[in-house]
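Subject: Structure handover

Hello,

Here is the structure I promised to pass on. Please open it first, then read the notes below.

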Amino acid sequence: MKNKLKDLFDEKVTLYNQPSFIEQDPICIPHLFSRRQDIEIAGFFAAIFAWGSRTIIINKSSELLRRMDMAPYDFVTNYQPADLKRLLGFKHRTFTDADVLYFIDFFHQHYQKHDSLEAAFTRGFTKRDEHTGTALDNFKQYFFSYEHLRRTEKHISSPLQKSTCKRLNMFLRWMVRADKNGVDFGIWKTIKPSQLICPIDVHVARVAQRFNLLQRKQTDWQAAVELTTCLRSFDAADPVKYDFALFGIGVMEPRYIKFEMI
């Protein structure tokens, strides 16, 4: 029975982990760029904006990038105070221009010291860590190490808050996973794909519970770890590739949730 389930999920990974998946997913935003730092910044904003309709997420991400002349790395490293006026009035759900301004300031400060955003996610992280939980805790602490508004903190989650950290885990999948399919970028090498945690929200949790991949009822960090641990039994080296299957089944093939028995 477990082999049958693995076969189904492998089939769905093959189906959805394809370039055709990119256009209608927020990952299309970093795919607009070829420069490493542009990919990182555009991908980070797209991931942070990723709640609600995918169309709206893509449109709002595109709007913000246009305000930065479609050159996010150049903007955050070389902007003048007057340039920040372009960002005023931006809003996506609860994310406002005040939050954008802090994110821009963080990127400005970070890229003065580091060539890649990867360094922000690997503070205190080692190859021996079971997963990226500590890395995410350290990232949030570092991200808000500069003067900021308290309200902005709600946009960056961490395992210490018992959050699933869905959006950050999705961003890490984009940056870390490497295969020949052309969806994920695989431009970061310090974190191994085997250490990633599967992005999970209530919709993914429902699919996972339907296939007995998740027993925990509460959708929190512990549920994300439990699901990933189960997915490692399918592929220990790359468990988060099954995010494609979980998402695809949940969004594109809900018949499995209603009828299919594994």
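Start with one definition: a residue is buried under 20% relative accessible area, exposed over 50%, and partly exposed in between (1.4 Å probe, protein chains only). D69 shows how to use the rule: its relative accessibility is 53%, so D69 counts as exposed.

Two notes on the source. This is a predicted model, where local features need pLDDT of at least 70 and side-chain atom pairs count only at pLDDT 80 or more, while totals for chains, interfaces and linings use all residues. Residues are numbered from 1 along each chain as its sequence is written, and side-chain values use heavy atoms, with hydrogens and water left out.

**Overall build**

The protein has twelve helices and two strands. Both kinds of element are DSSP runs, numbered from the N terminus: helices are H or I with at least four residues, strands are E with at least two. Along the sequence the order is α-α-α-α-β-β-α-α-α-α-α-α-α-α.

Now the overall dimensions. The radius of gyration is 18 Å, which agrees with the value near 18 Å for a compact globule of 262 residues. That radius is taken over C-alpha atoms, and the globule rule is 2.2 Å times the number of residues to the power 0.38. Along the principal axes, the C-alpha atoms fill a box of roughly 60 × 35 × 35 Å.

Of the 262 residues, 55% are buried. The accessible surface is about 12000 Å², and carbon and sulfur atoms hold 51% of this area. Accessible areas come from the Shrake-Rupley method with a 1.4 Å probe; for residues, only the protein chains shown count as cover.

Next, contacts. A contact means heavy atoms within 4.5 Å. Take the contacts with a separation of 6 or more: 67% of them join residues 24 or more positions apart.

**The core**

In soluble globular proteins, nonpolar side chains tend to be buried together. Here, the largest nonpolar core has 89 residues. Such a core is a set of buried Ala, Val, Leu, Ile, Met, Phe, Trp, Tyr and Cys residues joined through side-chain atoms within 4.5 Å. Those with the most contacts inside the core are F9, F44, F45, L117, F121, L213 and L246.

What does F121 touch? Beyond its neighbours within four places in sequence, F121 is in contact with F44, A135, L136, F139, L168, F171, L172, W188 and I191. Three of these partners, A135, L136 and F139, are buried residues of α7.

Helix α7 covers residues 133-143, and eight of its eleven residues are buried. The buried set also includes D137 and K140. These buried residues pack against α2, α5 (97-113), α6 (118-121), α8 (166-176) and α10.

**Two buried residues in α2**

A42 lies in helix α2. With 1% relative accessibility, A42 is buried. Its contacts, leaving out residues up to four places away, are I29, P30, F33 and L65.

E40 lies in α2 too. Is E40 buried or exposed? E40 is buried, because its relative accessibility is 0%. Outside its neighbours within four places, E40 is in contact with Y111, S116, L117, E118, F171, M175, I187 and W188.

**Loops and a helix residue**

Most residues other than glycine have a negative phi. D69 has a positive phi of about 60°, although it is not a glycine. D69 sits in the loop between α3 (54-67) and α4 (72-78). R93 is another residue other than glycine with a positive phi, near 55°. Where is R93? R93 is in the loop between β1 (91-92) and β2 (95-96). R93 is partly exposed, at 45% relative accessible area.

T219 is in the loop between α9 (202-210) and α10 (221-232). T219 is partly exposed, at 28% relative accessible area. Not counting residues up to four places away, T219 touches T164, I200, D201, V202 and A205.

T77 belongs to helix α4. T77 is partly exposed, with a relative accessible area of 22%. Its contacts beyond four places in sequence are H108 and Y111.

Best wishes
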